[in-house]
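User: I have a protein model open and would like to work through its sheets, helices and ligand contacts. Can we go step by step?
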Amino acid sequence: MDAAEAQRRAAGEKAAALVEDQMVIGYGTGRGAAAALEALAHRGIRVRGVPTSQKTTDLCRRLGLALTTLEETPQLDLVLDGADEVDTARQMLKGGGGALVREKIVALAARRRVIVIEEAKLVPALGATRGLPIELVAFGWKSTLLRIGEILPGVARREGPLSDNGGVIVDAPLPRELDVRALDRALKSIAGVVDHGLFIDLSPTVVVGGTAGVRILG
Ligand code: 5RP
């Protein structure tokens with residue numbers, strides 16, 4: 001196991017410990033989320049959860065974690081998820097795994113958001129290590145891409161399949177000087193943009209696995 005995976009596992013255990021018996025939760029997508037879900041399954045408490053991707057649905061079935069939907073339970077107690085980057089104000093960039101639309105819907109449905117990361121994901125400013133994932137409606141995606149390129153030059157389609165929603169995932173480099181709230185509004189005003197990976201002002205509890213152990217931010 002490499003150092004980052006060991007850090008995620010340690011953080012995942014601490015995150016899973018925040019879940020209480022009978023809670024209805026969100027099941028995030030990616031390695032950080034998986035570390036928390038595996039630890040949660042080992043606890044053996046009774047929870048139900050809404051998965052944020054097909055991959056997570058499959059994982060939960062393997063782990064024996066009960067599934068539900070937002071139709072059955074539109075409000076969740078908590079969500080366990082990961083992130084690609086977290087800045088000093090705990091604003092987050094997500095969507096590296098292409099599940100950002102469902103992850104954001106689930107994050108907004110939850111009273112508490114618990115994010116599992118390794119310390120390399122802590123950045124001084126969002127966009128430091130990767131571009132911003134954005135999901136587009138497949139219809140007319142090339143036209144939508146051109147419009148995004150007017151505000152985020154260099155945006156490009158990601159290699160790989162469509163998202164679980166049948167959307168096209170693109171990634172856009174972020175400028176150094178970034179007003180995340182203004183960018184959120186600008187992207188959301190472009191027809192054909194389903195959502196983007198800026199998860200802002202969500203006051204997450206960030207569980208960080210590091211060389212000196214696990215610390216909790218927020
Ligand atoms: C998926 C996500 C993931 O939470 C994010 O990409 C982090 O993944 P990992 O924990 O595997 O590094 O947003 O859409």
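User: Which residue in S7 does Leu80 stand opposite?
Analyst: This is a predicted model. Strand S4 covers residues 76-81 and strand S7 covers residues 110-118. The two pair in the parallel sense over 5 bridges. Opposite Leu80 in S7 stands Val114.

User: Which strands are at the edges of the open sheet of 7 strands?
Analyst: The order is S3-S2-S1-S4-S7-S13-S14, with mixed pairing. An edge strand here pairs on one side only. That description fits strand S3 (66-67) and strand S14 (213-217).

User: What angle does the direction of helix H1 make with that of S7?
Analyst: Helix H1 spans residues 3-16 and packs on the sheet. It touches S4, S7, strand S13 (205-210) and S14. Its direction makes an angle with that of S7 of about 155°.

User: Which strands does helix H2 lie across?
Analyst: Helix H2 is made of residues 31-43. It runs at about 120° to S4. The strands it lies across are strand S1 (24-27), S4 and S7.

User: Why do S9 and S11 each have one side without a neighbour in the sheet?
Analyst: The open sheet here has 4 strands, in the order S9-S10-S8-S11, and its pairing is antiparallel. Strand S9 (156-157) and strand S11 (193-196) stand at the edges, so one side of each is left without a neighbour. The reason is that each has a single partner strand.

User: Which residue in S11 is opposite Ile134?
Analyst: Strand S8 holds residues 132-136. S8 and S11 run antiparallel and are joined by 3 bridges. Opposite Ile134 stands His196.

User: Which strands does helix H6 touch?
Analyst: Helix H5 (residues 141-151) packs on this sheet and touches S8, S9, strand S10 (168-172) and S11. Helix H6 (residues 180-188) also packs on the sheet, at about 160° to the direction of S11. The strands H6 touches are S8 and S11.

User: How far from the ring centre of Trp141 does Arg157 lie?
Analyst: The structure holds 0 aromatic pairs. Charges do sit over rings: the charged end of Lys94 is over Phe199, 5.4 Å from the ring centre. Arg157 lies over the face of Trp141, and its distance from the ring centre is 4.8 Å.

User: How many residues surround the ligand?
Analyst: The closest are Arg31, Gly32, Asp84, Gly95 and Lys121. The full number of residues around the ligand is 17.

User: What is the distance from an oxygen atom of the ligand to an N or O atom in the side chain of Asp84?
Analyst: A polar side-chain atom of Lys94 lies 3.0 Å from a ligand oxygen. A polar backbone atom of Ala99 is 3.0 Å from an oxygen atom of the ligand. For the side chain of Asp84, the distance is 2.7 Å.

Note on methods:
Residues numbered from 1 in each chain as written. Predicted model: local features only at pLDDT ≥ 70, side-chain atom pairs only at ≥ 80, totals over all residues. Heavy atoms only, no water. Pairing = 2+ DSSP bridges. Contact = heavy atoms within 4.5 Å. Axes fitted to C-alpha atoms, helices over the stretch in contact; angles between N-to-C directions. Phe/Tyr/Trp six-rings, centres within 6.5 Å; stacked < 30°, edge-to-face > 60°. Lys NZ or Arg CZ within 6 Å of the ring centre and 35° of its normal. Near = heavy atom within 4 Å. Polar contact = N/O pair within 3.5 Å; in protein donor to acceptor, adjacent residues only side chain to side chain.
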